[in-house]
Amino acid sequence: MESQPPTDPKPPMHSETPQPEAGSAPIATIASLAAHEGQSVTLRGWLYNLRESGKLLFPIFRDGTGTIQGIVPKAAVSAEVFESIKTLTHESSVIVTGKVRADKRAPGGFELDVENVEVVQRVPADQPFPISLKDHGVDFLMEHRHLWIRTPRQSAILRIRATIMRAAAEYLDDNGFVRTDPPILTPAACEGTSTLFPVDYFGEEAYLTQSGQLYIESTALALGKVYSFGPTFRAEKSKTRRHLTEFWMVEPELAYCDLDGLMELAENFVSHIAAQVLERHAADLKVIGRDPAKLEAIKAPFPKITYDEAAAMLDDAFAKGLIENKFTYGDDFGSPDETYISAQFDRPVMVHRYPAAVKAFYMEPDAADPTKALCVDVLAPEGYGEIIGGSQRVASYDLLKQRILDHGLPLEAFQWYLDLRKYGSVPHAGFGMGIERVVAWLCGLDHVRETIPFARTLNRIYP
Ligand code: 4AD
Ligand code: MG
């Protein structure tokens, strides 16, 4: 065999961006400055803010991992560098060298004694960065979402989101689940026909998936424990703080699992995710003003109550004048109901066994009372409401077929799904957790629009 000619090692990706002069300070990130105390480092980022006080400049730099305040005494740098920093505009891209100094008062614990600033691109002074430090309305910010995400609070939320997704996948990967990706283009509804996004599929009507569930039921019967993790779509006409039309769902599905097993998985799963956010994001939680004590409380086991018990709590609250609307037994809980119930606990509460009539066609009835479904909704505390919905699945072929017909669903489209009850049907169960709902809750946000880089809602598909 001929040996391959030696090739030059590929330079690492980051070296394609402008490099500091040879022999100068090593490249560092703001988040890693603790390892460089007392040393000169090179940071590559942007100017976030600039204050001036006599012969001192206080530029604040950001680099995607955090922000740091620099100090530039006029005497410490050349007149040229001083002038260049003094006239620097917000969001100009810069390569900064400076010495890392610990400072207890600094938000990140360090300040930078600036030695040099190389401007990569100067934002023109007559066309300033549109997002200033003053308050902007939400519509303006959403219209400029591509720039809004540069601000410290939004960046912190996106970093926490990434950890939530990573921790979710990590928990399942480490516990024997196989990730199996369901299709996004589907021929049928999973979660009701009223929120489908139709797509023209070469002349046939198809839909964007509402949930991977039906498909991962089949992969669970193939592989035992599986999950899917991807975007899901609901043509939600509702304008609420909790609804997006495109959101990310993680869905574990297990063969040979009942409702109790599923609830145990859900509480351990959520606890792991909260613990990871606490462990990795102390600084980000501070930036967004989230009290870590709220996250410390999120530890399994979670309280578990039946639908009937939750309904009784609502009746009681209404009698005491604590809620405005009387709850009608048999209905699904509305957002205000969920808010009240979940606000009674300091950790998520698991509400199980809802009336089968208000839940999806695929839920297994409770043998002890077939009017109830073997399902669970996990309601997050502080009024955040539902973060997880799941159930044991109908295992009987005949019952499932009847349910499909009762719900007016097209039998042909579900023939493959019925096959799963024909060939080695077993008790199986799974749930779906909405990532954006969890980000909103763990970060303590008012609205899911800030939990995803580019929110898709009833009124917004730009940028
Ligand atoms: O309760 P849902 O509709 O359940 C299902 O889709 C099941 N098929 C999941 C399963 O069992 N595998 O949705 C699951 C979760 C909700 O608890 C919520 O967190 C989130 O998905 N969710 C939404 N998040 C944002 N915007 C929306 N419009 C959402 N609809 C559901
Ligand atoms: Mg639900």
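**View 1. Strand β13 (residues 349–352) in the predicted model.** Val349 and Val351 point to one side of the strand, while Met350 and His352 point to the other. All four of these residues are buried. In a regular strand the side chains alternate between the two faces of the sheet.

**View 2. The neighbours of β13 are β12 and β16.** Strand β12 (residues 304–306) runs parallel to β13 and is joined to it by three bridges. Here Lys304 stands opposite Met350. Strand β16 (residues 375–380) runs antiparallel to β13, with four bridges between them. In this pairing Val349 stands opposite Leu379.

**View 3. Helix α9 (residues 307–319) and its buried side.** The helix has 13 residues and reaches 18 Å from first to last C-alpha, close to the 18 Å expected at 1.5 Å a residue. Its residues Tyr307, Ala310, Ala311, Leu314 and Ala317 are buried. These residues lie on the same side of α9 because they cover an arc of only 120° around the axis. An α-helix has 3.6 residues a turn, so residues three or four places apart point the same way. Among the elements covering the buried residues of α9 are β12, α10 (335–343) and β13. Gly321, which follows α9, has a positive phi, near 75°.

**View 4. An open sheet of three strands in the order β7-β9-β8.** The pairing is antiparallel. At the edges are β7 (185–186) and β8 (198–201), each of which pairs on one side only. Four bridges connect β8 with β9 (residues 204–208), and Pro198 stands opposite Tyr207 in β9.

Terms used: Residues are numbered from 1 along each chain as its sequence is written. Chains are lettered from A and ligands numbered from 1 in the order in which they are written. This is a predicted model: local features need pLDDT of at least 70, side-chain atom pairs count only at pLDDT 80 or more; totals for chains, interfaces and linings use all residues. Side-chain values use heavy atoms; hydrogens and water are left out. Buried means under 20% relative accessible area, exposed over 50%, partly exposed in between (1.4 Å probe, protein chains only). Helices (H or I, at least four residues) and strands (E, at least two) are DSSP runs, numbered from the N terminus. Two strands pair if DSSP finds at least two bridges between them. The expected span of a helix is 1.5 Å times one less than its number of residues. The arc is that of the directions from the helix axis to the C-beta atoms. Contact means heavy atoms within 4.5 Å.
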